[in-house]
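The following exercises concern the arrangement of chains, domains and secondary structure elements. Each task is followed by a solution that proceeds step by step.

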Amino acid sequence: MAMTPKTSKPRDLWERLQAIDRRVLYTLLLVVITLPLFKPIRLPMVTMPSTQKLYQAIESVPQGGFAIVSATWSGGTRAENMPQTEAILRHLMKRRLRVAIFSFDQQGSQFSYNIASRLAKEYGYEYGKDWVHWGYRPIVGVVLKSLVRDIPSTFATDRDGKPTRDMPVMKGIKDIKNVDVIVEIAASGIYMDWIGLVVGANPNLKFGFCPTAVMAPETYPYMDSGQIVGIMEGMRGAAEYEKLVNTTGLATKGMGSISLAHVLIMVLIIIGNLGYLATRARGS
Amino acid sequence: MLEPIVRFFAPKPLSVLPYYVVGAVLFSILVIIVLINLPSRARKPLIAIVTFLAGLFYATEFFWPIDIATNKNFLTDYLVPASKLGSLLGGMTLTLGILSLLRVHGRNIARLRSGWYNSLALLTAMVAMVIFGLIDKYGTDATAKKVFNVLFEGMLINMDATMFSLIAFYIVSASYRAFRIRSIEATILMVTAFLVMLGQVPIGNALTDWLPKDGWIASLRVENVKQWILSQVNAAALRAIAFGLGVGGLAISLRIWLSLERGAYFEKEI
């Protein structure tokens, strides 16, 4: 007969501190995430050097320069990558740079098109003249390898299948040497492909990366080496960027929720450890 | 020499596109049939030759000196057609994946196996997405386009976000239960994690906001401590890991390129 594992009941307060019911934990998290969305908390926001560097890199591109934005993310990381995409596109359009967008993810392609279309109206950007969306492109390696040498052939059509070669936005764009800035917004380690295949091919190219917060630590060595000019770290980075471009978006609004969720995790870890240390001291 | 290839792969008008699609499908089926019917002893050398030639192409194109005037070598012009060929192969693997799904879940439905309704939901969703996706891309029917919008933006994207957001709840539960300071190393790890977490959110910044922003004392602000941990301690460790991964990746690439790799996917009789 199959035996069901028996769970012993906590005996005292210290043991109870180590065994809080998970339903309580889930409810607490739900409360701390949703509450600040209805009742915003005002908190000081310090811009990190990594975000500032990315902002400065885009600021240094002359008006009319050519920027490529790759939005390799999907609905799963929308909370972080969507405000990042919006903040970057807003800055590029504010600076009146020519913008080309594409994605290695089907969902990212749709998301980035929706965001860019909305911002284009706001900034008076004309499709085909000021910006273009190259759509979804599969297979990272082969696309990056060929865009280094021949951009018009690599992205011969836009997301709707229209030829891009004669679009005014593509004027003078032949290969990677004609690109001023590339920003990859991703929830994966795709930055390695960009660094390995693209970044070294144009010494003047500025490559920025916008990862999810959990991805950010592994990208620091590449910012030190200068291969990545700046990093926008998750939702926090997006909130900093929103501050730099003078706007209040989803990231700024979400900072209260993120803050309280972090505090909740820390408090719970401390409570669990207090119980653990007390139990251990009693045992010894 | 390249012109016919470039012309063949150039975007096609909608009037002739279906013929090209049907032609590509028939050609793919023909290639797959030929490959399946190849004698077993001929398949391995064929795969080894194709792998070697593909690797040789990219390696030679990368290392061969370029003509300064044109910024190209004799292989550069073939890069774009090669990338298109790569995309086509990716498309074929997707087809194989779909065929595999149809076979496995179709059998579940036909035999009314346990959970057959899940298989039915999967196949229905897949077929609906393909049909309405094609209409959205090439058709004009407004209702079908709205249906695709509901399926893609209303359902798929939100379900994806829902699945991912569940992780937050598991992280809270797991970190509370598993993170115990059983040793000095675990204590250091926890203190470091706390500092990075506090530095990552504005509420952490608020804790040390009273400290001056300039001078040596500013180094004690939590966001600066976090930045130091990430850019100095963390970056140094990651550099070492990345170096090891790079060397390992090079070795594995060479083994695959030269068909020396053994183990899963390589030794099994195909």
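**Exercise 1. The fold of chain B**

In chain B, 38% of the contacts between residues at least 6 apart in sequence join residues at least 24 apart. The model is predicted. Task: determine which elements chain B contains and how its radius of gyration compares with that of a compact globule of 270 residues.

Solution.
Step 1. The elements are counted: chain B has 9 helices and 0 strands. From the N terminus on, the order is therefore α-α-α-α-α-α-α-α-α, with strands being DSSP runs of at least two residues.
Step 2. The radius of gyration of chain B is 28 Å, whereas a compact globule of 270 residues would have one near 18 Å. Along the principal axes, the C-alpha trace of chain B spans about 70 × 55 × 45 Å.
Step 3. Burial is then examined: of the 270 residues in chain B, 9% are buried.
Step 4. The domain assignment of chain B gives domain 1 (1-111) and domain 2 (182-257). The C-alpha centres of these two domains of chain B are 43 Å apart.

**Exercise 2. The environment of Ala218(B)**

Task: state where Ala218(B) is found, and explain why it counts as partly exposed.

Solution.
Step 1. Ala218(B) lies in the loop between α8 (202-207) and α9 (222-257) of chain B.
Step 2. Ala218(B) counts as partly exposed because it has 13 C-beta neighbours inside 10 Å; a residue with 12 or fewer would be exposed, and one with 20 or more would be buried.
Step 3. Leaving aside residues up to four places away in sequence, Ala218(B) touches Leu211(B), Pro212(B), Lys213(B) and Asn224(B).
Step 4. As a distance check, Gly86(B) is 132 residues from Ala218(B) in sequence and 52 Å away in space, C-alpha to C-alpha.

**Exercise 3. The sheet of chain A**

Task: establish the strand order of the open sheet in chain A and describe how β2(A) is covered.

Solution.
Step 1. The open sheet of chain A consists of 6 strands in the order β3-β2-β1-β4-β5-β6, with parallel pairing. Its edge strands are β3 (131-136) and β6 (230-231) of chain A, each of which pairs on one side only.
Step 2. Strand β1 (residues 66-72) of chain A pairs with β4 (residues 181-186) of chain A in the parallel sense over 6 bridges. One bridge partner in β4(A) is Val181(A), which faces Ala67(A) as its partner.
Step 3. β1(A) also pairs in the parallel sense with β2(A), over 5 bridges; here Phe102(A) in β2(A) is the bridge partner of Ser70(A).
Step 4. In β2(A), 6 of the 6 residues are buried. Arg98(A), Ala100(A) and Phe102(A) are buried on one side, and Val99(A), Ile101(A) and Ser103(A) on the other.
Step 5. Helix α4 (residues 78-94) of chain A lies across β1, β2 (98-103), β4 and β5 (206-211) of chain A, at about 165° to β4(A).

**Exercise 4. Domains of chain A and the interface with chain B**

Task: locate the domains of chain A and identify which helix gives the most to the side of chain A that touches chain B.

Solution.
Step 1. The domain assignment of chain A gives domain 1 (21-38 + 256-283) and domain 2 (49-249). Their centres, taken over C-alpha atoms, are separated by 37 Å.
Step 2. At the interface, 51 residues of chain A are in contact with 46 residues of chain B.
Step 3. The helix that gives the most to this side of chain A is α11(A), with 13 residues.
Step 4. By residue class, this side of chain A comprises 28 nonpolar, 15 polar and 8 charged residues.

Terms used
Residues numbered from 1 in each chain as written. Chains lettered and ligands numbered in written order. Predicted model: local features only at pLDDT ≥ 70, side-chain atom pairs only at ≥ 80, totals over all residues. Domains from an automatic or database assignment. Contact = placed C-beta atoms within 7 Å. Helix = DSSP H or I, 4+ residues; strand = E, 2+ residues; numbered from the N terminus. Nonpolar A, V, L, I, M, F, W, Y, C, P; charged D, E, K, R; others polar. Rg over C-alpha atoms; globule rule 2.2 N^0.38 Å. Pairing = 2+ DSSP bridges. Axes fitted to C-alpha atoms, helices over the stretch in contact; angles between N-to-C directions.
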